[in-house]
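Q: Please take a close look at one part of this model for me. I am new to it and would like to understand how two of its domains meet.

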Amino acid sequence: MCGITGYIGARQAAPILLEGLSKLEYRGYDSAGLALLNGSEMDVRKKKGRVSVLAQEVKKHFFDSHLGISHTRWATHGAVTDANAHPHVSSCGNFAMVHNGVIENYENIKSFLLTKGYTFRSQTDSEALVNLIAYHYYKLPENSENRFLESVRRALLHLEGTYGIAVICRMQPDEIIAARKGSPLIIGIGDSERMVSSDVLGFSGRARSVIYLDDGQIAKVTADSCEVVSANNELVPYVTNSVDWELDSAELGSFSTYMEKEIFEQPKVIENAIRGRISDDASTAVLNGLNMTPSEMRQIDRILFCACGTAWHACLVAENLIEKYTRIPVEVEYASEFRYRNAPLDKNTLAFVISQSGETIDTLEALRESRRKGFKTLAITNSVGSTIARESDGGLYQHAGREIGVASTKAFTSQITICILIALYIGRMRDLSFAQGKEIVGALKALPSAVEETLKLAPELKKLAGKYCKYHDFLFLGRLDEFPIALEGALKLKEISYIHAEGYPAAEMKHGPIALVSPECPTLIFANSGDIFNKVISNAQEIKARKGPLIIVTDSPDRFPEGLADDVVVIPKVHESVRPVVSTIPIQLLAYYIAQQLGCDVDKPRNLAKSVTVE
Ligand code: M6R
């Protein structure tokens with residue numbers, strides 16, 4: 001969380017920094033700030049609130065500068081105030097720093113610096129680091145080579161925790177020092193200008209190519225050069241990567257929010273997930289990105305999935321599908337638990353992590369732990385060049401286009417689509433016949449138009465949102481493949497509308513949550529064709545008997561008594577393998593329109609950030 005940008009070059013820095021920050025607001029939006037240099041003059045502006053508030057402040061105080069750093073914050077240590085906003089300035093006033101991450105031993109560092117006469121203005125962990133950099137700078141001889149970079153390097157050696165930082169210094173007005181460990185940091189190369197950002201999006205299309213810093217690396221960035229050293233002060237050769245600009249997907253077009261735009265992009269997104277991944281005979285998937293030969297694949301005895309949030313729900317869908325089509329046992333772990341749990345794993349386990357951003361710290365650490373234990377660990381991610389993509393043993397890109405709305409929508413359905421491909425691919429090496437393979441491929445090919453059809457429910461769901469937005473509690477129930485979708489429905493609703501919601505397996509509801517059922521607590525239940533259709537309808541009856549308002553999402557509206565549900569949402573009938581994708585659309589639309597009716601900021605819900613890069 002938190003977004004960082006830095007600029008050095010011929011142009012005015014402030015507008016470029018602000019534009020970059022606005023693109024990074026998905027990473028946090030509690031406060032924003034920038035620090036500019038002009039020779040030895042430094043100007044620092046920081047404000048509680050969104051980047052637009054900072055932009056107003058900057059407009060009032062023009063400062064001629066071609067070098068600066070900036071930050072949009074998601075608060076970890078210290079309340080949301082102007083003082084706690086970044087950049088933080090050393091007590092001597094000569095250094096300014098922006099930081100993304102958490103410094104775990106900041107209290108020790110601060111106590112030490114207090115004994116040396118340093119003073120502190122904020123409650124943040126970050127301020128300890130900028131003062132520690134100043135401390136090391138003054139300890140180094142005045143004429144020492146690379147004094148600024150070396151002071152940052154020495155300070156970082158004492159740090160426990162994670163960081164992506166950019167630092168400027170009044171005595172070194174032609175360089176930015178950038179470093180990372182655990183939080184992303186990228187250097188953008190333009191024409192006689194260099195930029196620094198947490199994400200390529202922060203370059204606003206200005207970078208021709210980029211350098212991805214690795215953990216522990218420190219870079220000295222000037223307008224026309226970049227020097228990277230390791231934590232041991234060895235010069236590191238780096239590669240530059242070209243940027244695949246997806247700026248079109250950062251534009252809203254005719255939509256009023258990114259979430260709405262991303263929901264409606266799903267037919268295309270699913271097409272992109274499938275493109276080039278179906279065999280010529282249309283009976284299986286072609287997944288070269290997994291970097292595994294068929295014989296290696298056949299040796300797998302167990303599959304592990306790790307992720308967080310919505311991506312974790314995609315893992316649960318994968319568990320059902322893969323177990324059904326391959327008969328290989330699948331385990332799903334919260335990445336945050338897995339990394340500390342020391343779970344016993346069989347030697348022939350194949351591990352997957354799923355992460356839209358490719359930067360979620362818990363998922364990244366789960367990937368690292370799995371690889372440390374010697375397991376082949378593959379990634380499903382939407383972010384080309386992300387840390388997870390770079391550190392995994394292979395995997396599949398989602399190609400969903402950038403997801404900007406904090407609530408994940410198109411990334412989820414695209415992750416599920418990729419999991420269907422994986423289940424098909426491994427299934428065809430095991431239990432699935434040629435005919436079954438062809439059936440699933442047919443279902444996948446028809447999926448974009450089924451989703452398109454389901455999106456036509458939007459006006460109906462908007463109307464339902466008007467009716468249901470007044471409630472304070474909600475239940476989402478589903479069984480088997482749709483249990484994860486019930487969880488996702490509850491997550492979507494609570495994160496963007498702040499309505500309390502719970503997702504449960506429909507039959508499990510009797511073991512506790514049924515106590516919540518009353519005229520004040522509506523339930524949305526999935527009742528789709530399949531072996532347990534009648535069982536789900538019995539669960540729906542149990543809710544009705546307790547006067548709970550009931551919405552049934554179904555592909556078989558004729559198979560239950562009229563009057564059972566207060567509202568029925570009819571989705572297209574599709575093959576069971578792809579149904580979780582289709583079932584997701586109504587819950588996304590309902591959550592979206594409820595949040596909109598309540599006047600919530602759907603793209604930037606309170607307390608959240610798009611990419612959770614702190615523990
Ligand atoms: O980028 P990731 O897929 O790793 O993100 C995981 C979760 O943080 C994310 O899905 C989160 O739960 C979303 N806000 C859900 O809408």
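A: Across the interface of domain 2 and domain 3, 17 residue pairs are in polar contact, with both partners at pLDDT 80 or more. The model is a predicted one. Salt bridges are counted here too: there are 2 between domain 2 and domain 3. A salt bridge also joins the side chains of E576 and K324, at 3.9 Å from N to O.

Where do these domains sit in the chain? Domain 2 covers 246-455 and domain 3 covers 457-603, while domain 1 takes 3-243. The C-alpha centres of domain 2 and domain 3 are 25 Å apart. Domain 2 gives 39 residues to the contact, and domain 3 gives 32 residues.

Now the area. About 2,900 Å² is buried between domain 2 and domain 3. Carbon and sulfur atoms supply 67% of that area. On the domain 2 side, M259, H313 and T454 lose the most area to domain 3. Together they make up 20% of what that side buries.

Next, the elements on the domain 2 side. Five helices each give two or more residues to the side that touches domain 3. Helix 6 (258-264) and helix 7 (266-274) are among them. So are helix 9 (309-326), helix 13 (410-428) and helix 14 (434-455).

In short, the interface of domain 2 and domain 3 holds 17 residue pairs in polar contact, and carbon and sulfur atoms give 67% of its buried area.

Definitions and conventions
Residues numbered from 1 in each chain as written. Predicted model: local features only at pLDDT ≥ 70, side-chain atom pairs only at ≥ 80, totals over all residues. Heavy atoms only, no water. Domains from an automatic or database assignment. Contact = heavy atoms within 4.5 Å. Buried area = accessible area lost by both parts, 1.4 Å probe. Salt bridge = Lys/Arg side-chain N within 4 Å of Asp/Glu carboxyl O. Polar contact = N/O pair within 3.5 Å; in protein donor to acceptor, adjacent residues only side chain to side chain. Helix = DSSP H or I, 4+ residues; strand = E, 2+ residues; numbered from the N terminus.
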